[in-house]
Amino acid sequence: MAFATLRRFFGRRIVLAVGVTLGLICVAVAINAIGIRIVGDVETWRDWLEHHRLHFFVWRLALYVLTAWGWWWMHKRIRAREPNPESRTRLRRAEIAAVCTIILLETSMLFQQG
């Protein structure tokens with residue numbers, strides 16, 4: 001009953017997006033908990049993550065490339081469907097926000113490393 005009320009109030013897409021986000025957070029927490037349990041303690045887990053830092057960087061780059069390709073595909077479809085200047089402005093703002101977010105995330109990762 002509560003899910004149906006939320007879906008009516010917020011809309012199906014927002015409820016789905018929140019659900020997927022919460023699911024991903026739960027998966028990330030579970031992976032960390034399993035990793036800590038496998039290696040024995042938090043310090044060893046941190047050392048393992050530090051040792052495999054380059055692998056995770058390559059993984060993030062692959063995700064960024066895949067996201068950019070998806071964005072390019074979506075961008076073309078939106079511009080064909082909505083050729084007005086307002087939609088172009090919204091797309092440009094979203095692109096700038098996404099690039100700034102990625103730069104901030106990678107910069108914070110760089111500063112965490114030392």
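How much area does the protein chain expose, and what share of it do carbon and sulfur atoms supply? Show the surface to begin. The exposed area is about 9,900 Å². Carbon and sulfur atoms supply 71% of that area. Keep in mind that this is a predicted model.

**Stop 1: the whole chain**

Switch to cartoon. You will find 5 helices and 0 strands. Follow the protein chain along its sequence and the pattern reads α-α-α-α-α.

Now zoom out. Along the principal axes, the C-alpha atoms fill a box of roughly 55 × 40 × 20 Å. The radius of gyration of the protein chain is 19 Å. A compact globule of 114 residues would have a value near 13 Å. Buried residues make up 10% of the 114 residues.

**Stop 2: the charges**

Colour the charged side chains. The protein chain carries 16 positive and 8 negative ones. Take the centre of each set: the two centres lie 16 Å apart.

**Stop 3: the largest pocket**

Select L49, F56, R60, M109 and Q112 next. Among the 22 residues that line the largest pocket, these lie nearest its centre. Then colour by element. Helices α2 (12-39), α3 (42-51), α4 (53-81) and α5 (85-113) each give two or more residues to the lining. The space in this pocket comes to about 770 Å³.

**Stop 4: I31**

Go to helix α2 and pick I31. Is I31 buried or exposed? The relative accessibility of I31 is 52%. Exposed means over 50%, so I31 counts as exposed.

Keep I31 selected and add L49, one of the residues nearest the centre of the largest pocket. Draw a line from C-alpha to C-alpha. I31 and L49 are 12 Å apart in space and 18 residues apart in sequence.

**Stop 5: R81**

Move on to helix α4, where R81 has its place. Why does R81 count as exposed? Its relative accessible area is 58%, and the cut-off for exposed is over 50%.

For the last selection, add V42. How far apart in space are R81 and V42, C-alpha to C-alpha? The distance is 50 Å, with the two positions 39 residues apart in sequence numbering.

Conventions
Residues numbered from 1 in each chain as written. Predicted model: local features only at pLDDT ≥ 70, side-chain atom pairs only at ≥ 80, totals over all residues. Heavy atoms only, no water. Helix = DSSP H or I, 4+ residues; strand = E, 2+ residues; numbered from the N terminus. Rg over C-alpha atoms; globule rule 2.2 N^0.38 Å. Buried < 20%, exposed > 50% of the residue type's maximum accessible area, 1.4 Å probe, protein only. Areas by Shrake-Rupley, 256 points an atom, 1.4 Å probe, with all protein chains shown as cover. Lys, Arg positive; Asp, Glu negative; His and termini not counted. Charge placed at Lys NZ, Arg CZ, Asp CG, Glu CD. 1 Å grid on protein atoms, 1.4 Å probe; cavity = no way out; pocket = protein on both sides within 12 Å on 5 of 7 lines; lining within 4 Å. Points joined across faces, edges and corners; volume = space filled by probe spheres on them.
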